[in-house]
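Please open the model in your viewer and keep the sequence panel beside it. The tour below proceeds by selections, each followed by an account of what is found there.

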Protein chains: 2
Amino acid sequence: MYGPGDVRVETVPDATLQQPTDALVRVVRTCVCGSDLHPYHSRPASAEGSPMGHEFIGVVEETGAEVGNVRPGDFVIAPFAFFDNTCEFCGEGLTTSCLHGGFFSTAQAEAVRVPQADGTLVTAPVGEDSALLPSLLTLSDVLITGHHAAVTAGVGPRTSVTVIGDGAVGLLAVLAAKRLGAERILLMGRHKTRTDLGLEFGATDVVAERGDEGIATVRDLTGGHGTHTVLECVGHLPAYEQALGVVRAGGVISRVGVPQYDEAPAGRDLFGRNITLTGGPGAQRPYIEELLPDVLEGRIEPGKVFDRTVGLDGVPEGYRAMDAREALKVLVQP
Amino acid sequence: MYGPGDVRVETVPDATLQQPTDALVRVVRTCVCGSDLHPYHSRPASAEGSPMGHEFIGVVEETGAEVGNVRPGDFVIAPFAFFDNTCEFCGEGLTTSCLHGGFFSTAQAEAVRVPQADGTLVTAPVGEDSALLPSLLTLSDVLITGHHAAVTAGVGPRTSVTVIGDGAVGLLAVLAAKRLGAERILLMGRHKTRTDLGLEFGATDVVAERGDEGIATVRDLTGGHGTHTVLECVGHLPAYEQALGVVRAGGVISRVGVPQYDEAPAGRDLFGRNITLTGGPGAQRPYIEELLPDVLEGRIEPGKVFDRTVGLDGVPEGYRAMDAREALKVLVQP
């Protein structure tokens with residue numbers, strides 16, 4: 001990415017092993033993320049450009065001398081963060097805060113160097129032609145992110161839920177909330193093909209209005225009080241403000257859309273009604289281990305969020321189509 | 001209170017029953033709250049003035065026709081909010097969001113009209129000369145507020161704690177954290193007589209520095225990472241910013257000092273490290289029921305936060321002394 005709207009496909013030096021804990025993974029599927037659209041809008045232009053992409057599944061091609069958990073030929077899922085899975089934060093399940101970790105940023109490519117391969121990669125018993133590939137790819141980011149929103153918000157059978165945002169993360173937050181037992185799930189979004197998929201994933205109500213009008217509708221639908229939990233899957237300030245408007249007293253707002261702001265109304269607005277604000281990056285390894293069986297056994301089909309497939313050459317068009325809301329989420333087959 | 005620094009003692013019409021759900025309580029002890037100092041600094045001057053005070057214990061003098069849980073002669077504790085204890089929010093334990101509730105604001109007086117008396121008042125088997133009165137009075141606000149901070153932050157045997165603020169709430173947040181099993185409690189405060197009481201209540205470390213220096217000290221004391229929970233018992237923005245600096249990745253900041261700000265750094269600062277922000281008003285009736293036996297049986301002595309006693313005529317001097325940090329918390333004996 002060279003600047004706003006300027007995505008180019010280029011030949012770069014091959015990824016190689018650099019540390020004995022590295023693995024080299026050939027990318028079988030990658031994709032474009034809603035969060036990639038933030039720099040697509042606003043990253044300053046540069047002459048050098050930046051590699052892009054943080055979601056991928058693939059096949060291990062080569063491993064460093066200290067890698068023991070995966071071996072060449074393994075089919076693997078990589079979350080969007082890497083981690084050793086042994087430090088004190090990983091031990092608490094917070095792999096995004098690994099003391100030796102970081103985030104991927106070169107996955108829209110033919111191959112990726114994976115640091116801390118033993119901790120990071122999760123193997124899956126599938127072949128490169130599996131029909132499950134799209135759903136497995138969601139374990140790299142959008143499904144575990146939606147799940148993180150629902151888990152940190154404390155979603156369960158007794159909590160009503162509002163999901164803000166009908167992007168892939170929002171729709172999979174609906175799926176995750178449903179999977180955790182929520183019986184009332186209000187989806188705020190205004191793109192009918194997307195909200196229809198949200199209904200298929202378990203939403204009970206769709207609220208197309210935004211801002212004050214949307215807040216009023218949610219309150220009307222919930223006896224005037226709002227919902228116990230709000231899963232904010234956008235990242236822009238108006239989405240957070242909308243969350244404040246629809247959350248019930250004593251409730252929880254969980255944000256998984258990367259905030260595009262630093263300051264926010266988070267003083268008296270949260271305090272008086274005992275609102276909890278939580279969330280963050282959701283690339284926690286335990287989530288993949290928890291969700292993988294449901295994907296493999298077909299109990300959930302999160303891969304339905306992909307509605308277009310391109311080759312690497314099609315990535316610039318994929319960004320454009322997602323930005324124009326012509327595509328929900330673009331799968332890339334290198 | 002007629003304006004900044006302007007507190008007067010005046011004769012006003014007697015409190016009377018207005019609703020059949022009211023009780024009239026003669027005040028045996030009330031006090032000045034750290035939160036009373038916020039308007040003492042900044043409330044615009046007015047010709048009418050405002051009554052003050054929200055903490056009191058006393059004796060029921062008269063009850064409305066629909067009051068059944070308390071009767072004249074009962075010694076009662078009133079939390080700083082009133083509530084019916086039957087609505088759906090009260091049913092969830094969030095009595096500060098009662099659909100028929102509100103907050104007291106006339107307790108620095110000889111008598112108070114208590115709305116929703118059946119829900120609000122908790123009886124205690126003591127006489128007006130009990131040595132426990134100071135500790136019982138903390139159940140009206142400062143102890144349940146400190147407890148709310150610790151509970152909402154999830155304090156327990158496995159969580160390290162930083163308490164920000166050495167006022168009465170901060171010191172009782174220390175006591176509450178200790179009572180909930182915390183083994184490592186860092187108290188940030190710089191008034192030695194207060195932090196000494198904090199050590200008596202269970203603090204394991206005192207950090208006298210503030211701002212970046214204080215943050216660095218807490219990090220040094222915790223292996224570089226900060227503590228799992230931070231109980232912010234001040235309410236000014238620098239205290240919140242200090243909380244951000246000392247909270248561990250994946251940790252919780254609970255605020256019980258009333259925020260004196262609307263906007264705060266609550267975007268990327270919270271998100272990237274999965275920090276949870278929680279807290280609010282802590283006048284939840286279940287807390288009083290939980291803590292009362294410990295007070296009655298002497299297992300905790302929260303009343304030690306009172307270091308000065310005045311009559312009603314001494315209330316203006318009480319405000320001044322607390323504001324000047326000459327007194328920690330001023331007990332008022334009408």
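Is K329(B) buried or exposed? Select this residue in the predicted model and display the C-beta atoms around it. K329(B) has 27 C-beta neighbours inside 10 Å, and because a residue with 20 or more counts as buried, K329(B) is assigned to the buried class.

**Stop 1: the surroundings of K329(B)**

Keep K329(B) selected and colour the secondary structure of chain B. The residue sits in the loop that connects α12 (315-323) with β16 (330-332) of chain B. Next, add its contacts from beyond four places in sequence: C31(B), A168(B), V305(B), F306(B), D307(B) and M322(B). For a distance across the chain, select G181(B) as well: the C-alpha atoms of K329(B) and G181(B) are separated by 26 Å, and the two residues are 148 residues apart along the chain.

**Stop 2: strand β1 of chain B**

C31(B), one of the contacts of K329(B), leads to the next selection, strand β1 (residues 23-31) of chain B. Eight of the nine residues in this strand are buried, so β1(B) is largely enclosed by the rest of the structure.

Which strands pair with β1(B)? Select them in turn:

- Strand β2 (residues 56-63) of chain B runs antiparallel to β1(B) and is joined to it by seven bridges. To locate this pairing, pick V27(B), whose bridge partner in β2(B) is G58(B).
- β6(B) is likewise antiparallel to β1(B), with four bridges between them. Here L24(B) has R113(B) as its bridge partner.
- β16(B) is joined to β1(B) by two bridges, again in the antiparallel sense. The pair to select is T30(B) with V332(B).

**Stop 3: Q116 in both chains**

Move along chain B from β6 (111-114) towards α3 (117-120); the loop between them holds Q116(B). What should be noted in its backbone is the phi angle, which is near 50 degrees, a positive value in a residue other than glycine. Most residues other than glycine have a negative phi. Q116(B) also counts as buried, with 25 C-beta neighbours inside 10 Å.

Now select Q116(A). It lies in the loop between β6 (111-114) and α3 (117-120) of chain A. Its phi is positive too, at about 50 degrees, although the residue is not a glycine. Q116(A) is buried, with 25 other C-beta atoms within 10 Å.

**Stop 4: chain A as a whole**

Select chain A and hide chain B. Chain A contains twelve helices and 16 strands. Its radius of gyration is 20 Å, close to the 20 Å that the globule rule gives for 334 residues, so chain A is as compact as a globular protein of that length. Along the principal axes, its C-alpha atoms fill a box of roughly 60 × 40 × 40 Å. Of its 334 residues, 56% count as buried. Among contacts in chain A between residues at least 6 apart in sequence, 70% join residues at least 24 apart.

Colour chain A by domain: domain 1 covers 23-141 + 283-332, and domain 2 covers 146-279. The C-alpha centres of these two domains lie 25 Å apart. The contact between them takes 14 residues from domain 1 and 14 residues from domain 2. On the domain 1 side, the touching residues comprise six nonpolar, five polar and three charged.

**Stop 5: the contact between the chains**

Show both chains again and select the residues at their contact: 30 from chain B and 30 from chain A. On the chain B side, β12 (247-255), β13 (263-265), α10 (268-271) and β14 (276-279) each supply at least two residues. By class, the chain B side divides into 13 nonpolar, ten polar and seven charged.

Within this region, centre the view on β13 of both chains. The two strands pair in the antiparallel sense over three bridges. A264(A) has A264(B) as its bridge partner.

How are the two chains related? A turn of 180 degrees and a shift of 0.0 Å along the axis lays chain B on chain A with an RMSD of 0.0 Å. That is the relation of a two-fold axis. Moreover, 100% of the interface residues of chain B are also interface residues in chain A, so the copies meet through the same surface.

Definitions and conventions
Residues are numbered from 1 along each chain as its sequence is written. Chains are lettered from A and ligands numbered from 1 in the order in which they are written. This is a predicted model: local features need pLDDT of at least 70, side-chain atom pairs count only at pLDDT 80 or more; totals for chains, interfaces and linings use all residues. Two residues are in contact if their C-beta atoms, placed from the backbone, lie within 7 Å. Ala, Val, Leu, Ile, Met, Phe, Trp, Tyr, Cys and Pro count as nonpolar, Asp, Glu, Lys and Arg as charged, and the others, Gly among them, as polar. Two strands pair if DSSP finds at least two bridges between them. Copies are superposed by least squares on the C-alpha atoms of residues with pLDDT of at least 70 in both. Domain bounds come from an automatic or database domain assignment. A residue is buried if 20 or more other C-beta atoms lie within 10 Å of its own, exposed if 12 or fewer, and partly exposed in between; C-beta atoms are placed from the backbone. The radius of gyration is taken over C-alpha atoms; the globule rule is 2.2 Å times the number of residues to the power 0.38.
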